[in-house]
Amino acid sequence: NVLRADPKSASARILLARIHLEGKRPTAARKELRAALKAESASAPLRAQAAELYADMGDVDAALEECRAGLRMVPDSVELRLLAARIEEGGGRVEQALAGIEAGLKRFPASLEFHMRRTQLLSALGRSEDAARAAEFD
């Protein structure tokens, strides 16, 4: 038993949170998630995992807060910025997702991932002409 060997193991708590979530026990999942974050609060990768779990629980606000916490630790994390945009879009906040991607493009103008995501979001918003221009990387 991993938690018996190391009761403070954040990775084991994240795994247990995922198992609880898959077993339709969101309260237990949240408890393990909080324990993981308490054990390792200064870990940006852990914040990304927590964000994904919160998003899977349908808690977009908590997921985005974890992304922001991770970005405070690693401001240049393309992964966390893209994750935040996916969470925004998944929560029906497509305009906010686009705004986040456009902010990312200002910081990382050569990022193919941001350009592609921008194109996808513009298309999702029904802005096909803007999406076509964005795909050409104007």
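Which side chains meet in a salt bridge of 3.0 Å, N to O? Select Arg127 and Asp130: their side chains form that bridge. Arg127 is partly exposed, at 33% relative accessibility. Asp130 is partly exposed as well, with a relative accessible area of 23%. Keep in mind throughout the tour that this is a predicted model.

**The whole chain**

Now clear the selection and show the chain as a cartoon. You will find nine helices and zero strands. Read along the sequence, the pattern is α-α-α-α-α-α-α-α-α. The C-alpha trace spans about 55 × 30 × 20 Å along its principal axes. The protein has 138 residues, and 42% of them count as buried. Consider next the contacts with a separation of 6 or more: residues 24 or more positions apart account for 45% of these.

**Start of the chain: Ala12**

Select Ala12, which lies in helix α2. Is Ala12 buried or exposed? Its relative accessibility is 10%, so Ala12 counts as buried. Add Val2 and Leu3 to the selection; Ala12 is in contact with both, once its neighbours within four places in sequence are left aside. Then select Asn1 and draw a distance to Ala12 between the C-alpha atoms. These two residues are eleven residues apart along the chain, and their C-alpha atoms are separated by 9.7 Å.

**A bridge between two helices**

Stay with helix α2, which covers residues 10-22, and select Arg18 in it. Which residue forms a salt bridge with Arg18? The partner is Asp56, and the closest N and O atoms are 2.6 Å apart. Asp56 sits in helix α4, residues 44-56, so the pair links distant parts of the chain, 38 residues apart. Arg18 counts as partly exposed at 26% relative accessibility, and Asp56 also counts as partly exposed, at 46%.

**A loop residue: Lys24**

Move along to Lys24, in the loop between α2 and α3 (26-39). Look at its backbone here. Phi of Lys24 is near 65 degrees, a positive value in a residue other than glycine. Lys24 counts as exposed, with 71% relative accessibility.

**A bridge within one helix**

Next select Glu65 and Arg68. Both lie in helix α5, residues 60-73, and they are three residues apart, about one turn of the helix. They form a salt bridge, with the closest N and O atoms 3.2 Å apart. Glu65 is partly exposed at 32% relative accessibility, and Arg68 is partly exposed at 42%.

How many salt bridges are there in total? The count comes to 13. To see some of them joined up, select Asp61, Glu88 and Arg93, which are linked in a network of salt bridges.

**The largest pocket**

Keep Arg68 and Glu88 selected, since both appear among the residues lining the largest pocket. Add the rest of the lining: Leu64, Cys67, Leu71, Arg81, Ala84, Ala85, Gln96, Ala97, Gly100 and Ala103. The pocket has a volume of about 200 Å³. Which helices each supply at least two residues of this lining? They are α5, α6 (78-90) and α7 (94-107). Colour the lining by residue type, and it divides into seven nonpolar, two polar and three charged residues.

**An aromatic pair**

Now select Phe108 and Phe114 and show their side chains. A pair of aromatic rings is described by the distance of the centres and the angle of the planes. The count for this protein comes to one aromatic pair. Phe108 and Phe114 form that pair, and it is stacked, at 5.9 Å centre to centre and 10 degrees between the planes. Both residues are buried.

**Last stop: Thr119**

Finish in helix α8, residues 112-124, by selecting Thr119. Why does Thr119 count as buried? Its relative accessible area is 16%, and buried means under 20%. Which residues is Thr119 in contact with, leaving aside its neighbours within four places in sequence? Add Ala131, Ala134 and Ala135 to the view to see these contacts.

Notes:
Residues numbered from 1 in each chain as written. Predicted model: local features only at pLDDT ≥ 70, side-chain atom pairs only at ≥ 80, totals over all residues. Heavy atoms only, no water. Phe/Tyr/Trp six-rings, centres within 6.5 Å; stacked < 30°, edge-to-face > 60°. Buried < 20%, exposed > 50% of the residue type's maximum accessible area, 1.4 Å probe, protein only. Helix = DSSP H or I, 4+ residues; strand = E, 2+ residues; numbered from the N terminus. Contact = heavy atoms within 4.5 Å. Salt bridge = Lys/Arg side-chain N within 4 Å of Asp/Glu carboxyl O. 1 Å grid on protein atoms, 1.4 Å probe; cavity = no way out; pocket = protein on both sides within 12 Å on 5 of 7 lines; lining within 4 Å. Points joined across faces, edges and corners; volume = space filled by probe spheres on them. Nonpolar A, V, L, I, M, F, W, Y, C, P; charged D, E, K, R; others polar.
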